[in-house]
Amino acid sequence: MDSSSVFTTCPYCGVGCGVQLEWTTASVTVSGLDDHPANLGRLCSKGTALAETLELPDRLLYPHVGGRRVSWGQAVATVAERFRAAITRHGPDSVAFYVSGQLLTEDYYVANKLMKGFIGSANIDTNSRLCMSSAVAAHKRAFGEDLVPGCYEDIEQAEMVVLAGSNTAWCHPVLFRRLQAARERNPDLYVVAIDPRRTYTASSADLHLALAPGSDAVLWNGLLVYLAEQDAMDRDFVARHTAGLEAALAAARKSAPDIDAVAWRCELSAGDVRRFYQRFAATGRVVSCYSQGLGQSSSGTDKINALINCHLATGRIGRPGATPLSLTGQPNAMGGREVGGLANQLAAHREIEDPEARRQVQDFWNAPAMPQRPGLKAVELFDAVAGGRIKALWIMATNPAVSLPEAGKVRRALRDCFVVVSDCVANSDTARLADVLLPAATWGEKDGTVTNSVRLISRQRPLRPPPGEARPDWWIVCQVARAMGFGSAFAYNGPAAIFREHAALSALNRGRRLFDLSALADLSDERYERLKPLAWPVTAENPRGTLRLFVDRRFPTPDGRARFVAVTPRPPVHPAARSLPFVLNSGRVRDHWHTLTRTGAVPSLSGHDPEPFVEVNPHDAAAFGLEDGGLAEVAGPTGGAIVVRVRCSYRQRRGSLFVPMHWNGAFAARAWVNDLVPPVIDPVSGQPESKHAPAAIRPFACDWYAFVLCRKALPAAEIAPSYWCRLRAAPGIWRYELAGSGPVPDWERWLGEGEWVEYRDTRQRCYRGALLRDNHLEACLCLGPDPRLPARRPLIEWMQQDHLDAGQRAGIVALVEEAGAENTVCACFQVTEAMVRRALDQGAEDLEALGRLLGAGGKCGACRPELEALLRGQ
Ligand SMILES: Nc1nc2c(c(=O)[nH]1)N[C@H]1C(S)=C(S)[C@@H](COP(=O)(O)OP(=O)(O)OC[C@H]3O[C@@H](n4cnc5c(=O)[nH]c(N)nc54)[C@H](O)[C@@H]3O)O[C@H]1N2
Ligand SMILES: Nc1nc2c(c(=O)[nH]1)N[C@H]1C(S)=C(S)[C@@H](COP(=O)(O)OP(=O)(O)OC[C@H]3O[C@@H](n4cnc5c(=O)[nH]c(N)nc54)[C@H](O)[C@@H]3O)O[C@H]1N2
Ligand code: SF4
Ligand SMILES: [Mo]
């Protein structure tokens, strides 16, 4: 049997783990790369399941125009023609690209070059606007450039780690495992989590500050005041290497004069606030990590600067174990920032507004045009699409019909614009609205580089050629550029050539900016192929890269000093109000990735959170007549409403709701959380306030509730228009959860003919049916008048068997056992919560025992925080 292996990088989060793929003609195995500096051999549940994403069921294989399959030549000509026509009639600003932090750096580089240098507009923005733009803006204000100073080793060397607005255990799991391992080695390492929800990250911390949503700036301002008052600042560092402390301190004093005021405004106990401040003041090596709980806010930039202020005040930057640390979301959000793929950047960390930068980049590209001013940022861009000002839009590797605020309006706007979509799946909510669909290669097929949270550039390498006529994104962009008449500037023979040009452009930064890859500008194809992970800057002086920035205490500002920013905290734009009494928060679950196009196809990842849900505090649930496991309608301020499953949990604050961002029209009836999020943005960064919308909730009662397990896809929207959702229960097996009012569906019509084994209890209005062919379970369904239905798991297992024995045959319809705690906790070994509880009842006392009995937690370890909580009886 032939076997081969390749070293590549995980396509999910910004931790940027190195992955080894080994394959034979029969199978592919995935493991963590031991010598990759990001993960040192570890992978989380999503990384571990990567082999299962190699066959995406809804893969887009061929170019389409107007719904019809066409050749690449025709598709490219159509795109070039429509873009050119719009530019000729309405000018370059009538077209736009909306791209993604999931493109590779080489893809991103050519897209940015085409839009800015050749079309001559800055209308190229990206989903990183929804994600990293407040961090970018805060870095620029504080350091003079978008720089993440630290490295992952800092977390291991710290004595205190603050996780601010970050659900690290689920969203950066391998980094979290590194932190937990460091805590095992050093029991004095103190962890503080700041999150209104008691996430598993928070419950694993030494101190959890469950602050009032949106109140972070007050907390950090209060810390700055405390540091000043306790004389805990590094006066020498402040005097020699910073500017602006007085103004920042004055603003902080106004909003957060003392601990009691902070406690009151943040709805925390004064004791907890004091504990946090005392620790911070007394600990030399502190790393403060931040993510979307700070960034996705109408004052996200200020919140991040308020945090950075405290590091500047104590000189805790550029030193081992002491740094602010932005945790990047997507695998290559950082690479996109390097190439300048945002509407307010030019290229290579240079600014559009700077005439010298414009001239230099134009000369370097030998470009015919150059934008003179910034372009439209994501939310404004889609406003311009809705208003008819954008005539042609090209969307690459992102799903804005789901992920942008006021997503219903985005979907309507896309219907009226000429829309090109490059994607690897055919049925995303955005792809379904495209005029031209371009099949993109994806992970496992793509060749190029990505940069993780800590500036570490790693290679993505292909394991096989793309299927059908799918092509890499850089190739697609270059084809269109050529068809538009810009051939000579886009005549690359592969990603290595693009990377060299990107590195050569960055060399113009020498002496001005820290982003500099000049030592890689002459990288041969062969060395590019073998490139090992390394962190920029990569220069003649530091040819192996640079782990930590600001070691010399110099910042890339005109006077070399870092800047304090005076922050006056602002509350969220739309507070909860009488008609919308809840604060709606949104974010991620452990095993899913964004809009489900990849992980929604993977059975082992779908069992952890099988359905769209709203997490509610049990007191609120009781007050609003909501039942755990029932359905609820959640409504937002823009008229949108969704229907999702109720999950009662004390992890949720009273007055707050949490809905995951993942579910959408391709997987559920009405579960777009962004239909409830108004398009409110941070005035500095343009990042939306995705974590805060006012909302109302009420029970959504149905006459019947059902689940169906079957082998073919069902037209669920026709069967149960008010509530349906689909997921992969096992390879080749779909699970549908459905509910409706009025007459129950005619199942035979939908599921087909065969031997139906049935059980009816007309008094209880219960129905169980199983469709057998040759004693092989084809489909089964359970229906009843209330949401509590029998367990799905035994049926899923029986469906995977070739034949049923007599006991199982009888068992199908007699299933009465109620589904309890059926969701998986451990994805690697498919261990459910119920199985863990049974093991605990049988005397398992610690993680080792659970591992021995069930395997749980023994492989990737992403479920350990949940297992630990169950062990603690939570
Ligand atoms: N499993 C998984 N991992 C992922 C992703 C994924 O889709 N799935 N996506 C990746 C991407 S692109 C990103 S950007 C990152 C995001 O990573 P994170 O930012 O860690 O994840 P989120 O769930 O978006 O939000 C983090 C937390 O912010 C909290 N929060 C809400 N409001 C506030 C507030 O006012 N103050 C504070 N302090 N906290 C608040 C929420 O309760 C939530 O627990 O995850 C990356 N990793
Ligand atoms: N309410 C709310 N909204 C949010 C957030 C939130 O926390 N709350 N988080 C925001 C954040 S931080 C982010 S990052 C966004 C993410 O939101 P999106 O970017 O919209 O989500 P994805 O599902 O990652 O979309 C990626 C698309 O690219 C496709 N794709 C995968 N690989 C390739 C490839 O190689 N080439 C091409 N051309 N296509 C490919 C996938 O099939 C998918 O359709 O959502 C944002 N929206
Ligand atoms: S932590 Fe998980 S999802 Fe993130 S890069 Fe590593 S393996 Fe991939
Ligand atoms: Mo993100």
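Domain bounds here come from an automatic or database domain assignment. The model itself is predicted.

**Domains**

The assignment splits the protein into domain 1 (5-53), domain 2 (64-131 + 332-535), domain 3 (133-326), domain 4 (582-699), domain 5 (704-814) and domain 6 (824-871). Take domain 3 and domain 4 as a pair. Their C-alpha centres are 27 Å apart. Domain 3 puts 26 residues into the contact, and domain 4 puts in 25 residues.

How much area do domain 3 and domain 4 bury between them? The figure is about 2,100 Å², with 47% of it on carbon and sulfur atoms. On the domain 3 side, Trp-170, Arg-197 and Gln-296 lose the most area to domain 4. Together these three account for 35% of what that side buries.

**Ligand 1**

Ligand 1 has 33 residues around it. Asp-195, Gly-214, Ser-291, Arg-588 and His-592 come nearest. By class, the shell holds ten nonpolar, 16 polar and seven charged residues. Domain 3 and domain 4 each give at least three residues to this shell.

Several atom pairs can be picked out. A polar side-chain atom of Arg-588 sits 2.6 Å from an oxygen atom of ligand 1. Backbone atoms take part as well. Trp-170 brings a polar backbone atom to 3.2 Å from a nitrogen atom of the ligand. For Gly-165, a backbone N or O atom lies 3.4 Å from a ligand nitrogen atom. Taken alone, ligand 1 exposes 900 Å², and the protein buries 99% of that. Three elements give two or more residues to the shell: α6 (168-171), α14 (292-295) and β21 (582-587).

Trp-170 thus appears twice: it has a backbone atom 3.2 Å from a nitrogen atom of ligand 1, and it is among the domain 3 residues that lose the most area to domain 4.

**Ligand 2**

Around ligand 2 there are 31 residues. The closest are Gln-102, Asn-127, Ser-403, Asp-423 and Thr-595. The shell is made up of ten nonpolar, 16 polar and five charged residues.

Which atoms of the protein lie 2.7 Å, 2.9 Å and 2.8 Å from an oxygen atom of ligand 2? The table lists them.

| Residue | Protein atom | Ligand 2 atom | Distance |
|---|---|---|---|
| Asn-127 | side-chain N or O | oxygen | 2.7 Å |
| Thr-398 | polar side-chain atom | oxygen | 2.9 Å |
| Asn-399 | backbone N or O | oxygen | 2.8 Å |

On its own, ligand 2 has 930 Å² of accessible area, and the protein covers 98% of it. β15 (418-423) and β21 each supply at least two residues of its shell.

Why does ligand 2 lie between two domains? Domain 2 (64-131 + 332-535) and domain 4 (582-699) both give residues to its shell, so ligand 2 lies between them. β21 recurs here: this strand gives two or more residues to the shell around ligand 1 and at least two to the shell around ligand 2.

**Backbone exceptions**

Most residues other than glycine have a negative phi, and most peptide bonds are trans. Two places in this model depart from that.

The peptide bond from Trp-536 to Pro-537 is cis, with omega near 0°. Pro-537 belongs to the loop between β19 (534-535) and β20 (562-563).

Asp-231 is not a glycine, yet its phi is positive, about 55°. Its place is the loop between α9 (216-229) and α10 (235-241).

Key
Residues are numbered from 1 along each chain as its sequence is written. Chains are lettered from A and ligands numbered from 1 in the order in which they are written. This is a predicted model: local features need pLDDT of at least 70, side-chain atom pairs count only at pLDDT 80 or more; totals for chains, interfaces and linings use all residues. Side-chain values use heavy atoms; hydrogens and water are left out. A residue is near a molecule or strand if one of its heavy atoms lies within 4 Å of it. A polar contact is a pair of N or O atoms within 3.5 Å; within protein, one must be able to donate a hydrogen and the other to accept it, and residues adjacent in sequence count only if both atoms are side-chain atoms. Accessible areas come from the Shrake-Rupley method with a 1.4 Å probe; for residues, only the protein chains shown count as cover. Helices (H or I, at least four residues) and strands (E, at least two) are DSSP runs, numbered from the N terminus. Ala, Val, Leu, Ile, Met, Phe, Trp, Tyr, Cys and Pro count as nonpolar, Asp, Glu, Lys and Arg as charged, and the others, Gly among them, as polar. Contact means heavy atoms within 4.5 Å. Buried area is the accessible area (1.4 Å probe) that two parts lose on being put together, summed over both.
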